[in-house]
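I opened the model to look up a few residues and one helix. My notes follow the order in which I checked them.

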Amino acid sequence: MAIGEAGPGSVRHGAQPKRLEEAMRVRLGRECVYVPSCRFGLYVALRHWCPPGGRVLMSPVNDDVIFFVVLAAGLRPVQAPLNPLDASIDIDAVPDETWGSVSAVLTTNLYGNPDPAPRLRQKCDALGIPLFEDGAHAIGSRVGDRPVGAWGEASVFSLSKHVGAKAGGMLSLADPGLREAVEKTCAGLLAPRRAGAELAYLVRPYAEAAVRGLRLRRAAWSAIRLLGLADREEIRMPLRPDELALAARHTPGLDAHHPWLRVDMHDYRLAGGRLRLRRIGRGLDRLDDVLDACRAGTELLLSTPWAKPRDAYGTQPLFRVPLFVADRDAAVAALAREGIVVGYLYDPPLDDYAGAEFTDPSPAPEAARWFARHALPVDPLRARTAAEVLERSGARPVRAPGEGELPGSGPTPGGLGQSRD
């Protein structure tokens, strides 16, 4: 069944998650289970495949919420060395003793650029351990002959990103025979639906649009802080190490780590209501158009002097395109003056953020630190405007580790005329 055949208004509420699951099943060629968030789905996957006390190899340039999901599952995060240009796991730089100690691998597919899943699949098969794919940024991305999310034992997707629904996720399974067990696990972890939460979800996009239209961003953020709804003041949320150490005594389990897991998405384990599911369905109906626009914007941004293209970048509908600038704070400020908000920054890397008490540090941390310090993730749907702002601001590109002399700092000839904003 193609997504949109029946239309969101013609399906029964109980059938709506099945419609969403079928849409993702068609895209991935795999069994899919609707979950309230990507982080919730990842927790379910980790609990199913990994016994408490296991060790999970992951990227240190990642959302801190994902780090806390691993901890909540009773597992030890192990930070991997990275490729400095895309923050994917550098398989050859992972020491043999680390490979021998881990019980699972978790990809990131940061900003939609795939991790080397075919090689990771081979490595995990040789070691007899599961591969998990975090595809939160990567709906529509491909690696090898498959879409991202079709390589691991399980993969998770966010419907808040490309789909734009600000809610919902999908847990994809290589073995369709596990569906019933996974659904049972999910049902036991869900929080009951709340009418107030559903109403707040419904009106939020209209409130945000009003704030943008009236240019009330500062006033809005002040109100959010006064209401206690602001979860973080900096890029990383406060670690609170003493509380985190106490929470570790009660793992595996979501409740002890709830103060960290709820950050930026208070409804991460809330059962979805009719309005929420319908909005997600409408977003999925439009997804192919969004992906096409993201591909065009990605192509434009990769033509600028701040990009460091890789072969895979140009063919992917990136969620954000990482440009690399010498002074990121200045670039962020220049974009903000034009109403372009830069999010999805992951600085410092998780091992520097959390320390050796809570994670195994990377044996080669410099590439992750360089990427975290200089990457400027730009929305490809705002590509033209962002490129023009960076050019006017005089933003300087930065040399990557091991890179030769930088090219000139002006835009590539014709680069800003090849695509649309």
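**Entry 1: Gly272**

I looked up Gly272 and found a relative accessibility of 13%, so Gly272 counts as buried, the limit being under 20%. I kept in mind that this is a predicted model. Next I looked for its place in the chain: Gly272 sits in the loop that runs between α10 (258-261) and α11 (274-285). I then checked Gly272 against Leu190. The two are 82 residues apart in sequence, and their C-alpha atoms are 9.6 Å apart in space.

**Entry 2: helix α6**

Which residues of α6 (residues 179-189) are buried? I noted Arg179, Val182, Cys186 and Leu189. These buried residues lie on the same side of α6, because they cover an arc of only 95° around the axis. I then turned to the face of α6 that points away from the buried side. There I found the exposed residues Glu180, Lys184, Ala187 and Gly188. Last, I asked what covers the buried residues of α6. The cover includes two helices, α1 (16-28) and α2 (38-49), and two strands, β1 (31-35) and β9 (169-173).

**Entry 3: cysteines**

I looked up two cysteines by accessibility. Cys50 has a relative accessible area of 3%, so Cys50 is buried. Cys294 also counts as buried, because its relative accessibility is 3%. Cys186 had already come up among the buried residues of α6.

How many disulfides does a search of the whole structure find? I recorded zero. A disulfide is a covalent bond that joins the sulfur atoms of two cysteines.

Definitions and conventions:
Residues numbered from 1 in each chain as written. Predicted model: local features only at pLDDT ≥ 70, side-chain atom pairs only at ≥ 80, totals over all residues. Heavy atoms only, no water. Helix = DSSP H or I, 4+ residues; strand = E, 2+ residues; numbered from the N terminus. Buried < 20%, exposed > 50% of the residue type's maximum accessible area, 1.4 Å probe, protein only. Arc of directions from axis to C-beta. Contact = heavy atoms within 4.5 Å. Disulfide = S-S within 2.5 Å.
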